[in-house]
Amino acid sequence: MEIVTVSPLEERPLGLLSPSRLNTILKCPLSGLYNHDGNSAYFPVGNSHFASLGNVIHDVFKSANRGNINSDESFSQIWYSAEEKQIKGGLKNIVPNYGKIKYSIRKQLVKPRINGLKSYAKGYYGIPEKMIEDKEHGVKGQPDLVAFRYNVPYEIKDYKTGEVFDPVTLEPDREEQNRSFEEIKEGFKNQLHLYAFLVNRKYGSYPQFLTIVTAAGEEIRTGCEQGKVDFLMNMIKSCKDRIQNEIAADLANPSLSNCRFCPFKPGCKWRYSSDSDAFVDIEGVVSNVQFPPYGNFTIHLQNGEHLFHKLPFEGGPEKLKEIIQKKVFVSNVRYEVLEKKLYTTSKYTKIYVKNNY
């Protein structure tokens, strides 16, 4: 669980649209006005071990992009340094499939360089791509890996260390190895199609394949269809036109699904107020924090609501004491005893300390 301090949201014109924010903005164009560095405190930090591994992978790809990886030794050194930045002692013993993921990355980065950028098949090689910007269409992106065959884009690979499949579309009895690209989360599919657009703009050719590589090393591949890319780009153009020409109230699209994980929810006056059994949000001034001798704690609000967290807080008691007498917004908590205003945290709970509200 994170505690972050945020100030009132600032609206600014939408800059170059990146894949990581794409789906949020398509669902609710209002978030496009909030999507800038001035509101960076709202953006999810991601403190899970999978998120840390994702940061390691992207740091390693950046180093490879600069030409710093050309042997097993240089790969291991840069990988270790990237891990140490995330967590002392590394991630080896706490991330499932760690060895498989690391081996897959090493194979794709090191082997092509050792063998003169040739591996897997004749004329096929992979390059960690640099940031591609298309100011004409207002988009940018940096694929993890672009594979070429005879100097023509062949495949885009994107590495994901968290859950990639949409629980709504995933068939519960389907064997893991038979999962299809259509079952991947919509946001990830849009990311890959935006990458395909950018690669075509840079190299003059669309890749044949788009591939998600999961945390287990599983590769989920689909053919790249220009019609789907064109459809996405038309959606982006329409959305950007709305953001430029409409007022905030008309851009807002509050709903249960759009607002639950929106990073800007705590500061948005149009947010959806949920009374769902799955989650609610609570807000108020912290009157006290209690620390029983079992490592857990309870946050008490002046309005009579109470929030119980069953595990020790990683930041320690002193960090929690700092929020006493502060106004907070707590997202994605669960009802425990409604009539007594008792709530418990979930794995998605985050505490926002509201500064200058």
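A search of the whole structure, which is a predicted model, finds 12 aromatic pairs. In one of them, the ring centres of F75 and W79 are 5.6 Å apart and the planes meet at 35°, so the pair is tilted; the tilted class covers angles that are neither under 30 degrees nor over 60. Both residues belong to helix α4 (residues 72-86), where they are four residues apart, about one turn of the helix. F75 and W79 are both buried.

F291 and F297 form another tilted pair, with 6.5 Å centre to centre and 45° between the planes. F297 has 2% relative accessibility and therefore counts as buried, the limit being under 20%. F291, with a relative accessible area of 33%, is partly exposed. Ring pairs also link Y34, Y42, F43, F264, F329 and Y352 into a cluster.

Charged groups sit over rings as well. The charged end of R221 lies over the ring of F209, 4.1 Å from its centre, and that of K354 lies over the ring of Y357, 4.3 Å from its centre.

F209 leads to strand β7 (residues 209-213), in which four of the five residues are buried. β7 pairs with strand β6 (residues 152-159) in the parallel sense over five bridges, and with strand β8 (residues 219-223) in the antiparallel sense, also over five bridges. I212 takes part in both pairings: I212 is the bridge partner of D158 and, in β8, has I220 as its partner.

The chain as a whole holds 10 helices and 13 strands. Of its 357 residues, 48% are buried. The chain exposes about 18600 Å², of which carbon and sulfur atoms supply 48%.

How values were computed
Residues are numbered from 1 along each chain as its sequence is written. This is a predicted model: local features need pLDDT of at least 70, side-chain atom pairs count only at pLDDT 80 or more; totals for chains, interfaces and linings use all residues. Side-chain values use heavy atoms; hydrogens and water are left out. Buried means under 20% relative accessible area, exposed over 50%, partly exposed in between (1.4 Å probe, protein chains only). Helices (H or I, at least four residues) and strands (E, at least two) are DSSP runs, numbered from the N terminus. Two strands pair if DSSP finds at least two bridges between them. Accessible areas come from the Shrake-Rupley method with a 1.4 Å probe; for residues, only the protein chains shown count as cover. Rings of Phe, Tyr and Trp (its six-membered ring) pair if their centres lie within 6.5 Å; planes under 30 degrees apart count as stacked, over 60 as edge-to-face and the rest as tilted. A charge sits over a ring if NZ of Lys or CZ of Arg is within 6 Å of the ring centre and within 35 degrees of the ring normal.
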